[in-house]
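Subject: Structure handover and notes

Hi,

Here is the structure I said I'd pass on. Have a look at it first, then read on for my notes.

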Amino acid sequence: MPGPHRQGPASSAETGARIGIHVATLAPGADMPGFRAAARRLIAANVPPEAIVWQTEALSLFGTESAPNEAPPLALPRPVTDLIPMVVPHRDPERYGLLYALIWRVLHGERALMEVASDPLVHRLHRMRKGIARDLHKMHAFLRFRRVPNEPERYVAWFEPDHHILEAAAPFFVDRFRNLRWSILTPEGSAHWDGALSFGPPGRREDAPEGDGFEAGWRDYYESTFNPARLNLDAMRAEMPRKYWRNMPETAAIPALVRAAGARAQAMIEKAPTMPEKRDPVRAVERMARDEPESLEALNAVIARSEPLVPGATQAVLGEGPLGATIAFVGEQPGDQEDRQGRPFVGPAGQLLSRALAEAGIERSDAYLTNAVKHFKFTLRGKRRIHEKPTAGEVSHYRWWLDRELDFVAPKLVVALGATAVLALTGKPVPITRARGPAEFGRPFGGFITVHPSYLLRLPDEAKEEAYHAFVADLRRVRDLAA
Ligand code: URA
């Protein structure tokens with residue numbers, strides 16, 4: 001856990017002080033307060049990045065001396081202050097030096113440096129930020145609590161994150177499991193919740209209980225929802241890398257289910273001749289050895305290859321817009337037009353959205369537009385395909401794609417359009433009327449909830465205009481929040 005930090009020009013002969021080396025010593029892990037204080041002091045003393053050695057206490061190579069923490073705050077642009085806490089937890093020992101180099105350049109004439117995505121420093125820091133976002137997502141998705149035997153209602157989970165993210169990840173679990181007493185143990189530290197959050201020393205895997213009835217429930221649930229004909233190990237592995245399997249009770253069922261999938265799917269095909277094309281589980285297992293998608297393109301290729309959960313859709317409709325877009329809009333699912341054209345928000349609701357965006361001063365082409373569910377679901381009425389709302393189960397099925405997609409796009413603000421998007425982003429059904437406005441999605445981006453444009457289309461004429469103006473007003477707030 002971060003502790004007190006020390007920073008100051010090295011003083012002894014061997015330290016390098018003669019050649020003007022300054023040593024900034026931070027606590028191991030993600031030492032945000034330490035970095036902040038050190039950066040302020042070094043900037044105040046006009047020390048350039050190349051004159052600083054950043055080290056953590058455990059690796060102390062140079063002598064250090066403590067220095068008082070009195071330097072004034074730095075006036076940094078918002079993209080820089082937002083980025084810093086998202087990079088500090090990275091495991092790369094160069095993280096502090098890179099961040100300081102960014103601060104130095106921004107304060108020495110390159111104020112808009114963060115907008116230069118091609119700059120090697122900015123590019124590297126963005127990649128680091130994405131690595132952290134991905135690690136947080138994995139911890140949120142794959143950590144499993146187990147009940148401690150012979151103790152009243154206490155749960156413990158073991159997890160090994162790639163980066164120093166325990167403190168950044170903990171609030172998510174407080175939010176989800178506020179009424180339980182729990183601990184998360186990692187090799188670097190532990191987090192404990194009993195109505196108040198505290199952090200402590202590292203734990204060991206053996207300190208977490210092995211298995212329990214709760215766990216059998218997970219496994220049963222997983223087995224009962226597993227459909228052998230839909231076996232898609234690329235997608236499965238992209239969402240749930242092998243590294244996490246050990247901690248997840250439901251994964252105990254996977255090898256047997258995969259082995260049996262071919263035979264079970266064959267039986268289903270014989271029973272139902274219209275089954276989608278048979279998959280080859282052996283090839284799928286081989287494919288599983290490959291890495292999870294490393295880019296939005298790779299992820300989109302997985303999505304595009306997937307079959308709709310409910311048969312009927314022509315194609316998967318992928319998100320659209322620039323990587324690094326400041327604002328991402330999440331809708332419900334593609335409609336009839338979107339399904340035919342393979343693009344999000346091109347039908348009537350999409351056209352209304354475009355108009356409202358233009359009125360609110362948001363360039364549609366600068367934003368990223370996507371959906372919670374990637375396939376159109378409908379019922380046929382004569383020749384017309386009538387949109388059907390996705391169920392909570394369908395939304396959750398598609399959720400990992402949305403999470404990964406947003407990790408890659410890394411927007412500053414995500415706008416949930418309507419209740420399905422809110423469910424996909426929070427995992428909870430929340431009435432829009434109560435939640436409308438700025439929101440917290442427990443992710444490394446800001447959130448905002450508003451209505452879906454198709455709701456406006458369904459209103460009676462006399463209510464439409466006022467509701468439309470309120471929608472545009474929401475989008476103006478979104479524009480200002482993201483600016
Ligand atoms: N409604 C949505 O939620 N998304 C679309 O792409 C179109 C309509």
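Below is what turned up, going from the whole chain down to single residues.

First, the ground rules. It's a predicted model, with local features needing pLDDT of at least 70, side-chain atom pairs counting only at pLDDT 80 or more, and totals for chains, interfaces and linings using all residues. Residues are numbered from 1 along each chain as its sequence is written, and side-chain values use heavy atoms, leaving out hydrogens and water.

**Overall**

The protein has 17 helices and 15 strands; these are DSSP runs numbered from the N terminus, with helices being H or I of at least four residues and strands E of at least two. Of its 483 residues, 51% are buried (under 20% relative accessible area; over 50% is exposed and in between is partly exposed, with a 1.4 Å probe and protein chains only). Among contacts (heavy atoms within 4.5 Å) with a separation of 6 or more, 73% come from residues 24 or more positions apart.

**The five-stranded sheet and Ser183**

One open sheet runs in the order E4-E5-E6-E7-E8, with mixed pairing. Its edge strands are E4 (146-147) and E8 (197-200), each pairing on one side only. For pairing, DSSP has to find at least two bridges between the two strands.

Strand E6 is a good place to start, as four of its five residues are buried. On one side, E5 (residues 154-158) pairs with E6 in the parallel sense over five bridges. E5, helix H5 (residues 166-176) and E6 make a right-handed β-α-β unit; right-handed here says that, with the strands pointing away from the viewer, the path from the first strand over the helix to the second runs clockwise. E6 (residues 181-185) also runs antiparallel to E7 (residues 190-193), joined by four bridges, and the two form a hairpin with four residues between them. One of the bridge pairs there is leucine 185 with serine 190.

Serine 183 sits in E6 and has bridge partners in both neighbours: valine 156 stands opposite serine 183, and histidine 192 is its partner in E7. Serine 183 counts as buried because its relative accessibility is 2%. Beyond its neighbours within four places in sequence, serine 183 is in contact with Phe145, Arg154, Tyr155, Val156, Ala157, Ala191 and His192. Arginine 146 is 37 residues from serine 183 in sequence, and their C-alpha atoms are 9.9 Å apart.

**Another β-α-β unit**

E2, helix H1 (residues 32-44) and E3 make a right-handed β-α-β unit too. Strands E2 (residues 22-26) and E3 are parallel, with five bridges between them, one of which puts leucine 26 opposite threonine 56. E3 (residues 52-56) is mostly covered, with four of its five residues buried.

**Helix H13 and two positive phi values**

H13 (residues 392-409) has 18 residues, so at 1.5 Å a residue it should span 26 Å, and the 25 Å between its end C-alpha atoms agrees (the expected span is 1.5 Å times one less than the number of residues). H13 does bend by about 40 degrees at tyrosine 398, the bend being the angle between axes fitted to the seven residues ending there and the seven starting there. With 13 of the 18 residues buried, H13 is largely enclosed by the rest of the structure.

Right after H13 comes alanine 410, with a positive phi near 50 degrees. Alanine 410 lies in the loop leading from H13 to strand E13 (413-417) and is buried at 14% relative accessibility. Phenylalanine 345, also not a glycine, has a positive phi of about 55 degrees. That residue lies in the loop between helices H11 (336-341) and H12 (348-360) and is buried, with a relative accessible area of 5%.

**Thr450**

What does the side chain of threonine 450 make a polar contact with? The partner is the side chain of aspartate 474, at 2.6 Å. A polar contact is a pair of N or O atoms within 3.5 Å; within protein, one must be able to donate a hydrogen and the other to accept it, and residues adjacent in sequence count only if both atoms are side-chain atoms. Threonine 450 is in strand E15 (residues 446-450) and is buried, at 0% relative accessibility. Not counting residues up to four places away in sequence, threonine 450 touches Val415, Ala416, Leu417, Gly418, Ile432, Arg436, Phe471 and Asp474.

Cheers
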